[in-house]
Amino acid sequence: MDYISPQEAVLKVKRWPKDTIAAGRRHTVGLKSDGTMTAVGDNKYGQCDVSAWRDIVAVATGNVHMATNTGNAHTIALKSDSTVAAVGWNKHDQCDVNDWRDIVAVAAGWRHTIGLKSDGTVVAVGRNNEGECNVSGWHDIVAVAAGDWHTIGLKLDGTVTAVGNNRYRQCNVSGWCDIVAVAVGYLHTIGLTSDGTVTAVGWKKHDQCDVSGWRGIVAIAVGSNHTIGLKSDGTVAAVGWNEHGQCNVSDWRDIVAIAAGCAHTVGLKSDGTVVAVGDNEYGQCDVSGWRGIQLPGN
């Protein structure tokens, strides 16, 4: 039997994570245990038109910072046959994924979509003005994350690569190691290390990078300007912009997965129900009636 390091063992477990909840600028989507999807929130571009989808195994949503000229979004789903479905805003061809094959994980930025293939290479469609889709040379990738204008790839050896906008040094991840998960916001990037601590780079105006004291973290999620950490005991930590109460998660319990939109936060409980806090202007937090959401790793 070939020896693998503890780091590689962790990465094999984390490899190609299957997100079952996702949050965008104004909408939230959930994957049900029967392979169908549900969605709430703004549907201006049809980003919530997912009721006909079947055989879904993972979901992603485009997210964007809160500004008067933003809000358009799209929804991506990975199917059990390793193809990808998309609905919503397609101005930059970010939904043109019909020809994708052999995909094992998906991520969505504001105007671009990322697909991870089973051979560890990465494909991208959408706006590339900042170089956020320049991933054709990537290899040995096990997870991907997409922000407004930058894209992050986690490699099998626990290091991280980045392309796109680096105005606030959100792509300065070349020194990271022992990383097992990555998450991306508007202008910041978060990495979860194998020892349960968290590292961050990028814009810090709202203290969204103040994660150095976190311990026992098993999953991370990032909104536009806030950062969420799921602890091993099922509680949740949060830092960053809290104008809409999106960081008010201290009373959450029994959480098994987290997602963060622009200004709202979503938590999946072990019984398949969902909780949400934050901006609810478009009903994106109206998830109290959801049942039977797929639990991660199942």
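Begin by selecting Asp207, which is partly exposed, with a relative accessible area of 43%, in what is a predicted model. Asp207 belongs to the loop between β15 and β16, and its phi is near 65 degrees, a positive value in a residue other than glycine. A second residue to select for its backbone is Ser82, whose phi is near 70 degrees and therefore also positive in a residue other than glycine; look for Ser82 in the loop between β5 and β6 (84–88).

**The whole chain**

Now zoom out and show the protein as a cartoon, where the secondary structure comes to one helix and 21 strands. The radius of gyration is 17 Å, close to the 19 Å that the globule rule gives for 298 residues, so the protein is as compact as a globular protein of that length. Along its principal axes the C-alpha trace spans about 45 × 45 × 40 Å. If you switch on the surface, about 12,000 Å² is exposed, and carbon and sulfur atoms supply 43% of that area, while 57% of the 298 residues count as buried. Among contacts between residues at least 6 apart in sequence, 45% join residues at least 24 apart.

**The aromatic residues**

Next, select Tyr45, Trp89, Trp110, Trp149, Tyr168, Tyr186 and Trp203 together and show their side chains, since these residues form one aromatic cluster. How many aromatic pairs are there in the model? The count comes to six aromatic pairs. One of them joins Trp110 and Trp149 in a tilted arrangement, with 6.3 Å from centre to centre and 55 degrees between the planes. Trp110 sits in the loop between β7 (103–108) and β8 (112–117), and Trp149 in the loop between β10 (141–146) and β11 (150–155), so this pair ties together parts that are 39 residues apart in sequence. Both Trp110 and Trp149 are buried.

Another pair to centre on is Tyr186 with Trp203, which is edge-to-face, at 6.0 Å centre to centre and 90 degrees between the planes. Tyr186 comes from the loop between β13 (179–184) and β14 (188–193), and Trp203 from the loop between β15 (198–202) and β16 (217–222), so here the parts tied together are 17 residues apart in sequence. Tyr186 has a relative accessible area of 14% and is therefore buried; Trp203, at 19%, is buried as well, because the cut-off is under 20%.

Before leaving the cluster, return to Trp110 and add Arg111, whose charged end sits over the ring of Trp110, 3.9 Å from its centre.

**The nonpolar core**

In soluble globular proteins, nonpolar side chains tend to be buried together. To see this model's largest nonpolar core, which has 15 residues, select those with the most contacts inside it: Ile190, Leu192, Val198, Val211, Trp214, Ile217 and Ile220. Colouring by strand is helpful here, as β13, β14, β15, β16 and β18 (236–240) each supply at least two residues of the core. Then centre on Trp214 and display its surroundings: leaving out residues up to four places away in sequence, Trp214 touches Gly196, Thr197, Val198, Thr227, Ile228, Gly229, Ala237, Ala238 and Val239.

**Arg25 and Gly71**

Move now to Arg25, in the loop between β1 (21–23) and β2 (27–31). Is Arg25 buried or exposed? At 5% relative accessibility, Arg25 counts as buried. Beyond residues up to four places away in sequence, Arg25 touches a set of residues that includes Gly62, Asn63, Val64, His65, Thr70 and Gly71, and also Cys262, Asp279 and Gln284.

From Arg25, step across to Gly71, which lies in the loop between β4 (56–61) and β5 (74–79) and is buried, with a relative accessible area of 1%. With neighbours within four places in sequence left aside, Gly71 is in contact with Arg25, Arg26, Asp42 and Val64. For a sense of scale, draw a distance from Gly71 to Val104: their C-alpha atoms are 27 Å apart, with these positions 33 residues apart along the chain.

**Cys285**

Finish with Cys285, in the segment after β21 (274–278), where Cys285 is buried, with a relative accessible area of 13%. Aside from neighbours within four places in sequence, Cys285 is in contact with His264, Ala276, Val277, Gly278, Asp279 and Asn280. A last distance to draw runs from Cys285 to Gly120, which are 165 residues apart in sequence and 35 Å apart in space, C-alpha to C-alpha.

Notes: Residues are numbered from 1 along each chain as its sequence is written. This is a predicted model: local features need pLDDT of at least 70, side-chain atom pairs count only at pLDDT 80 or more; totals for chains, interfaces and linings use all residues. Side-chain values use heavy atoms; hydrogens and water are left out. Helices (H or I, at least four residues) and strands (E, at least two) are DSSP runs, numbered from the N terminus. Buried means under 20% relative accessible area, exposed over 50%, partly exposed in between (1.4 Å probe, protein chains only). Contact means heavy atoms within 4.5 Å. Rings of Phe, Tyr and Trp (its six-membered ring) pair if their centres lie within 6.5 Å; planes under 30 degrees apart count as stacked, over 60 as edge-to-face and the rest as tilted. A charge sits over a ring if NZ of Lys or CZ of Arg is within 6 Å of the ring centre and within 35 degrees of the ring normal. A nonpolar core is a set of buried Ala, Val, Leu, Ile, Met, Phe, Trp, Tyr and Cys residues joined through side-chain atoms within 4.5 Å. The radius of gyration is taken over C-alpha atoms; the globule rule is 2.2 Å times the number of residues to the power 0.38. Accessible areas come from the Shrake-Rupley method with a 1.4 Å probe; for residues, only the protein chains shown count as cover.
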